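Okay, thanks for coming, everyone. Let me put the structure up, and then we'll walk through a few places in it.

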Amino acid sequence: MPKLTVVEHPLVQHKLTLMRERETSTASFRRLLREISLLLAYEVTREMPMTTRMIETPICPMEAPQIEGKKLALVSILRAGNGLLDGILDLIPAARVGFVGLYRDPDTLQPVQYYFKVPAELGDRVTIVVDPMLATGNSSAKAVSLLKEAGARDIRFLCLLAAPEGIARMQAAHPDVPIVTAAVDSHLDDHGYIVPGLGDAGDRMFGTK
Ligand code: URA
């Protein structure tokens, strides 16, 4: 997979514009995130190990393709990552799901872990880490480090928006982890928010502000 994939599909870009708008309601934001995450999941799973097996169609036997190996693992970085889960699970209903709880210390912007629960046998699964906003990259890099410690080897990172700073941080810490995003924005502001961005993704999807 390429190291960085920006999904420029018109449906993704149109939905992202609606999500960025200040006046978009919580209900609409959530629905759009679900829709867009399905489209992004399509891209992040574009390259998967494949195998074949014999099946019987109503007409004849055939050697048919299928995804190889164990069910893939989706790992949400709490809490905003959960907004991406439902759409992806619509597309990959058998995926196993894990959670990494990290909050960002408001002063240092460094990640602090408070929860970690992931599927077994991560080493045998494609592992997709999801967080809508790749901002400083500190939480994402930390989450990927924790997953590697837990045995994950084929890790991909899926986000909605990325800042150049976050991409650089992730690529320095984890050059083996491809990143898929809908857009790369300009920069981070002094509070670590992506500019122009869409604000606080967690607050917008859960209506907590
Ligand atoms: N997290 C968010 O929710 N938004 C940003 O812009 C950066 C981090």
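So, a bit of vocabulary before anything else: when I say helix or strand, I mean a DSSP run, at least four residues for a helix and at least two for a strand, numbered from the N terminus. And keep in mind that what you're seeing is a predicted model.

With that in hand, let's look at some backbone oddities. Arginine 79 sits in the loop between strand S4, residues 73-78, and H3. The peptide bond that joins leucine 78 to arginine 79 is cis, with omega at about -5°.

Where is there another cis bond? Go to valine 195 and proline 196: they're joined by a cis peptide bond too, and omega there is about 0°. Proline 196 is also a loop residue, placed between strand S14 (194-195) and H6.

One more for the backbone. Glutamate 121 isn't a glycine, yet its phi is positive, about 55°. You'll find glutamate 121 in the loop between strand S6 (111-117) and S7. Is it buried or exposed? Somewhere in between: its relative accessibility is 47%, so glutamate 121 counts as partly exposed.

Okay, on to a sheet. There's an open one with three strands in the order S8-S10-S12, and the pairing is parallel. Strands S8 (133-134) and S12 (183-184) are at the edges with a single partner strand each, so each has one side with no neighbour in the sheet. S10, residues 161-162, runs parallel to S12, and two bridges join them. If you want to find one partner pair, leucine 161 is bridged to alanine 183 in S12.

Now for the inside. In general, nonpolar side chains in soluble globular proteins tend to be buried together. Here the largest nonpolar core has 37 residues, and the members touching the most others are Leu160 and Leu198. Which elements give two or more residues to this core? They're helix H1 (10-20), helix H2 (26-44), helix H3 (82-91), strand S7 (126-130) and helix H6 (201-206). H2 gives the most, seven residues.

Let's zoom in on leucine 198. Skipping its neighbours within four places in sequence, its contacts are Leu16, Met19, Arg20, Phe29, Met133, Leu160, Leu161 and Arg204. Leucine 161 is the residue we just saw bridged to alanine 183.

Last stop: there's a second core, separate from that one, with 22 residues, among them Ala141, Leu147, Phe157 and Met170.

That's my tour, thanks for listening.

Terms used
Residues are numbered from 1 along each chain as its sequence is written. This is a predicted model: local features need pLDDT of at least 70, side-chain atom pairs count only at pLDDT 80 or more; totals for chains, interfaces and linings use all residues. Side-chain values use heavy atoms; hydrogens and water are left out. Two strands pair if DSSP finds at least two bridges between them. A nonpolar core is a set of buried Ala, Val, Leu, Ile, Met, Phe, Trp, Tyr and Cys residues joined through side-chain atoms within 4.5 Å. Buried means under 20% relative accessible area, exposed over 50%, partly exposed in between (1.4 Å probe, protein chains only). Contact means heavy atoms within 4.5 Å.
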